[in-house]
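Below are my notes on the structure you sent, set out as numbered points. Please read them with the model open.

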Amino acid sequence: MEPSEVAVDHDVSLADERLKFGGNNAPTMRAHPIHFGFMMSVGVGLALLAFFIITNVGQLLVWIGAALFIALGLDPIVRWLETKYVPRPAGIAVSLLILMGVVVGFFALLIPTIVSQTSQIVDRAPGYADSFLNSEFFTSVDRQFQVRERVSSEIDKFFANSEAVGGIFGGVLGVGTVIVNGLFGALVILVLALYFLASLPGMKKWAYRLAPRSRRPRVEVLSEEITRSVGLYVIGQACVALLNATFAFIVMSIAGVPFSVLLTFVVVLLAFIPLIGAATAAVLVSLIALTVGWQTALLFAIPYVAYLQFEAYFISPRIMHRAVAVPGAVAVIAVIAGGSLLGVLGALIAIPTAAAVMLLLKEVFIARQDRL
């Protein structure tokens, strides 16, 4: 059956304002309280969901940040190989093979020594505590404050608590677990760095398209300058850390500091942290050397501190002058803030981040203020 025609009154018409759904004005809290309450609840829920996701994938975010940092550090090497007429895929493969070879060789040579020396520290920890309690320094303190019984009871309680000892030292099994987890994390970081390094030009082009078309050339210039600075900073910091750890190992071997291989591994990790890493390594190794004697501690501390001064005034400026130029006060504040927010990774990326912020302020905000 054919549908019947709908009756239409052509003399009736609606004004344009009545045809507009919701009117011209945006909804207000007083006029639409349910709408605003619902949207606020949705916003709070999304914020809580984001917080839950970030707190549960924090380790993954750290791995992603480390992989991106490594990719930016290897990118200058790949670009240099491209200038030598080496295709980018081949340059990426060569760079990652060299990096993986260094990492694998480092761990393969040092893991047995690190495990054995860490186990020795765990075994000798009670002896170190007894030596400290019988030392002349603690004896003089005990004469004035009578704290021997309290300190002895706390130390005995600590070593009697297997959970506390396991939490601090980890034991042999704990050390092995940490090493396995570290190797797994290193593998994940290397794989992510490979993908980031291979897709870095495409990622940059996609990110540049987020800027307005008229400003894309300027955004591209600033972004390339920032990524170049970060890459050179990573390479420079790696060279400084390698020189620092090599000198520390030589001095520890001459001075007779125990656990020199394990402490060298700690020094090279701390040396990557700018400003405070080397000083922390000096204090830590000096405290370990004190277990042998104050002569050993001085024999290590004096040359190493002298080297740190030489590094601060001659080595680091020559290596890092092409990468970043950050005032000392800004660098200290940036490292403290980055370490408080993201730990070691935050302290590591603090200085290039501060350099990037200063570059943006100089090229964007200050340039605009000068034109007004």
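**Salt bridges, helix faces and surface**

1. R228 and E225 sit 3 residues apart in helix α10, so about one helical turn separates them. Their side chains form a salt bridge, with N and O 3.0 Å apart. R228 counts as partly exposed because its relative accessible area is 31%. E225 is also partly exposed, at 31% relative accessibility. Bear in mind throughout that this is a predicted model.

2. On the overall make-up, the protein chain has 14 helices and 0 strands. Of its 372 residues, 30% are buried.

3. Another salt bridge joins the side chains of R79 and D75, at 3.0 Å from N to O. These two residues belong to helix α3 (residues 58–83) and are 4 residues apart, which means that about one helical turn lies between them. The general geometry fits here: an α-helix has 3.6 residues a turn, so residues three or four places apart point the same way. The two partners differ in their burial class: D75 is buried, at 6% relative accessibility, whereas R79 is partly exposed, with a relative accessible area of 32%.

4. What else does R79 form a salt bridge with? The partner is E224, and the closest N and O atoms are 2.8 Å apart. Since R79 lies in helix α3 and E224 in helix α10, this pair ties together parts that are 145 residues apart in sequence. E224 counts as partly exposed because its relative accessible area is 24%.

5. The count of salt bridges in the model comes to 6. A network of salt bridges links D75, R79, E82, R88, K204 and E224. K204 from this network is also one of the buried residues of helix α9 (residues 200–208).

6. In helix α9, the buried residues are L200, K204 and Y208. They lie on the same side of α9, because the arc they cover around the axis is only 75 degrees. K205 and W206 are exposed, and they are carried on the face of α9 turned away from its buried side.

7. Helix α12 (residues 277–290) can be read in a similar manner. Its buried residues are G277, A278, A281, A282, V285, S286 and A289. These are on the same side of α12, since they cover an arc of only 160 degrees around the axis. The face turned away from the buried side of α12 carries V283 and L287, which are exposed. As for its length, α12 has 14 residues and reaches 20 Å from its first C-alpha to its last, close to the 20 Å expected at 1.5 Å a residue.

8. How many aromatic pairs does the structure hold? There are 3. One of them is F300 with Y304: the ring centres are 5.2 Å apart and the planes are at 20 degrees, so this pair is stacked. Both residues lie in helix α13 (residues 294–320), with 4 residues, about one turn of the helix, between their positions. F300 is buried, at 0% relative accessibility. Y304 is buried as well, with a relative accessible area of 1%.

9. On the surface, F38, M39, V42, L46, L49, F52 and I53 make a nonpolar patch of about 690 Å². Among them, M39 lies in helix α2 (residues 33–56). M39 counts as partly exposed because its relative accessibility is 45%.

10. A last point concerns C239, which is found in helix α10 (residues 216–255). Is C239 buried or exposed? Neither term applies: at 38% relative accessibility, C239 counts as partly exposed. From C-alpha to C-alpha, C239 and I315 are 9.8 Å apart in space, while in sequence they are 76 residues apart.

Terms used:
Residues numbered from 1 in each chain as written. Predicted model: local features only at pLDDT ≥ 70, side-chain atom pairs only at ≥ 80, totals over all residues. Heavy atoms only, no water. Expected span 1.5 Å × (residues − 1). Buried < 20%, exposed > 50% of the residue type's maximum accessible area, 1.4 Å probe, protein only. Arc of directions from axis to C-beta. Patch = residues over 30% accessible without salt bridge, like charges linked within 9 Å, V, L, I, M, F, W, Y side chains within 5 Å. Areas by Shrake-Rupley, 256 points an atom, 1.4 Å probe, with all protein chains shown as cover. Salt bridge = Lys/Arg side-chain N within 4 Å of Asp/Glu carboxyl O. Phe/Tyr/Trp six-rings, centres within 6.5 Å; stacked < 30°, edge-to-face > 60°.
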